[in-house]
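Trainee: I would like to go through this model and ask, for each label, what earns it.

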Amino acid sequence: MSVIKSHDITLYSGGDIDIVLRPLCDGHLPMLYKWNADPEVLYWVDGKNAKPSSPEDVHGIWGMVSPQAFCFLIEADDTPVGECWLQEMREKQRSLFCPREPKALDVRRIDISIGEKAYWNKGIGAALIRMLVDFAFNGEYSDVLYGIVFDYNKRSRRVFEKNGFKFIEEFNEGDGISVKYRLTRQEYIERRREKIPAEKLFMLPIADLQPSQLYISEGKLRLLREWFEPDNTDGFDPIPIKRFNDKYLMTDGHTRAVAAYLAGWDSVPVYWDEDGLDMRAYAIDVKWCGEENIHSPADLAGRIVPHKDFERLWRKRCMEDSL
């Protein structure tokens, strides 16, 4: 009988650091034994008085957590470096950590541990939190996320804050003072909306916009519809574009463009993307789009996939191409 209840979700960083979160399984237990017996690692995760865990202790922890969590092995540059999870906060945890959250809400917590000390202070933590947050809101449609760390763990505090979590309170967790952070789905959505001065905006026909990706995440589209108003173009977040091979290339905003197309719009607000981007990577994206006859948002409207498939079909492909 398995110790760890596994799952079928794999997440890809899609950013400057190549990170893959793979489903944690019993085959990874030797690494969990190692990391959970290292006092330096435990100091940051379990408190100043934490003692090394035996294999039996490890079995007990993951045997209890994995049935109500997505547990992942963290890989950086193809090297296993730690573990993390997105855990559903059920009645006991909710009564301890968030008793004021309405029972109808989907409330989860994020926990991470980088066990390989050579990978500390490499920026992995912030990327991990971002990946788990994106999965929680886009893939699982969670309502609220929590992060709980010891007050002296300033690195972990910074990575939660960097990802938009707000400090709630300090409390005594037994092994010291812990700090509680919280992020709602509405806050997550608002952080990702485009705020561009009106004088930089102009209108372009949707049909003239060249995509630079092959799929649309159903989860992202679902979140977008929480603020998208089909009858209000003034409230629409504009789409960034660059001139590329006589095309108006979308550098972002594909989900918005598809939503506008599905709503029957002919044109959308756009603005010139002035960021310095790796146009070689975009050239590859446009080549892929050409090979699959994706020449406008209308072509993407037939390629809306579940978020977990978006990770596999698009983010994985982009990451592997960059290696």
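Mentor: Start with strand pairing: two strands count as paired if DSSP finds at least two bridges between them. Four bridges join β5 to strand β6 (residues 144-150), and these two strands run parallel. Four bridges satisfy a requirement of at least two, so β5 and β6 are a pair. Keep in mind that the model is predicted.

Trainee: Which residue of β6 is the bridge partner of Arg108?

Mentor: Leu145 is the partner of Arg108.

Trainee: What makes β4 and β5 a pair?

Mentor: Strand β4 (residues 79-88) and β5 share seven bridges, in the antiparallel sense. The cut-off is at least two bridges, so β4 and β5 qualify. Within that pairing, Cys84 stands opposite Ile112 in β5.

Trainee: How does the chain get from β5 to β6?

Mentor: The path goes through helix α5 (residues 124-139), and this β-α-β crossover is right-handed. The term is used because, with the strands pointing away from the viewer, the path from the first strand over the helix to the second runs clockwise.

Trainee: Why is β5 called mostly covered?

Mentor: Strand β5 spans residues 107-114, and seven of its eight residues are buried. Buried means under 20% relative accessible area, so seven of the eight residues fall under that limit.

Trainee: What is the strand order of the open sheet?

Mentor: The sheet has eight strands in the order β1-β2-β3-β4-β5-β6-β8-β7, with mixed pairing.

Trainee: What makes β1 and β7 edge strands?

Mentor: β1 (11-12) and β7 (166-172) each pair on one side only. For β7, the pairing is with strand β8 (residues 177-184), antiparallel over six bridges. In β8, Lys180 is the bridge partner of Glu169.

Trainee: What else does Lys180 do in the model?

Mentor: Lys180 lies over the face of Phe171, at 5.3 Å from the ring centre. The distance limit is within 6 Å, so 5.3 Å passes. Arg185 is placed likewise over the face of Tyr141, at 4.1 Å from the ring centre.

Trainee: Turning to aromatic pairs, why is the pair of Trp227 and Phe236 called tilted?

Mentor: The structure holds 20 aromatic pairs. Trp227 and Phe236 form a tilted one, at 6.4 Å centre to centre with 55 degrees between the planes. Centres must lie within 6.5 Å, so 6.4 Å qualifies; 55 degrees is neither under 30, which would be stacked, nor over 60, which would be edge-to-face, so the pair is tilted.

Trainee: Are these two residues buried or exposed?

Mentor: Trp227 has a relative accessible area of 14%, and Phe236 has 5%. The limit for buried is under 20%, so Trp227 and Phe236 are both buried.

Trainee: Which pair does Phe236 form with Trp265?

Mentor: Phe236 and Trp265 form a tilted pair, 5.0 Å centre to centre and 55 degrees between the planes. This pair links distant parts of the chain: Phe236 is in the loop between α8 (218-224) and β12 (239-244), Trp265 is in the loop between α9 (254-262) and β14 (267-272), and they are 29 residues apart. Trp265 counts as buried because its relative accessibility is 11%.

Trainee: How do you know that Cys71 is in no disulfide?

Mentor: The closest cysteine sulfur to that of Cys71 belongs to Cys84, 8.6 Å away. A disulfide needs the sulfur atoms within 2.5 Å, so 8.6 Å is too far for a bond. Cys71 is buried, with a relative accessible area of 1%. Cys318 is also in no disulfide; the nearest cysteine sulfur, that of Cys289, is 9.6 Å away. A search of the whole structure finds zero disulfides.

Trainee: Why is Cys318 called partly exposed?

Mentor: Its relative accessible area is 23%. Partly exposed lies between the limits for buried, under 20%, and exposed, over 50%, so 23% fits.

Trainee: Finally, what makes the radius of gyration agree with a compact globule?

Mentor: With 323 residues, a compact globule would have a radius of gyration near 20 Å, and the chain has 21 Å, so the two agree. Buried residues make up 50% of the 323 residues.

Key
Residues are numbered from 1 along each chain as its sequence is written. This is a predicted model: local features need pLDDT of at least 70, side-chain atom pairs count only at pLDDT 80 or more; totals for chains, interfaces and linings use all residues. Side-chain values use heavy atoms; hydrogens and water are left out. Rings of Phe, Tyr and Trp (its six-membered ring) pair if their centres lie within 6.5 Å; planes under 30 degrees apart count as stacked, over 60 as edge-to-face and the rest as tilted. Buried means under 20% relative accessible area, exposed over 50%, partly exposed in between (1.4 Å probe, protein chains only). A charge sits over a ring if NZ of Lys or CZ of Arg is within 6 Å of the ring centre and within 35 degrees of the ring normal. The radius of gyration is taken over C-alpha atoms; the globule rule is 2.2 Å times the number of residues to the power 0.38.
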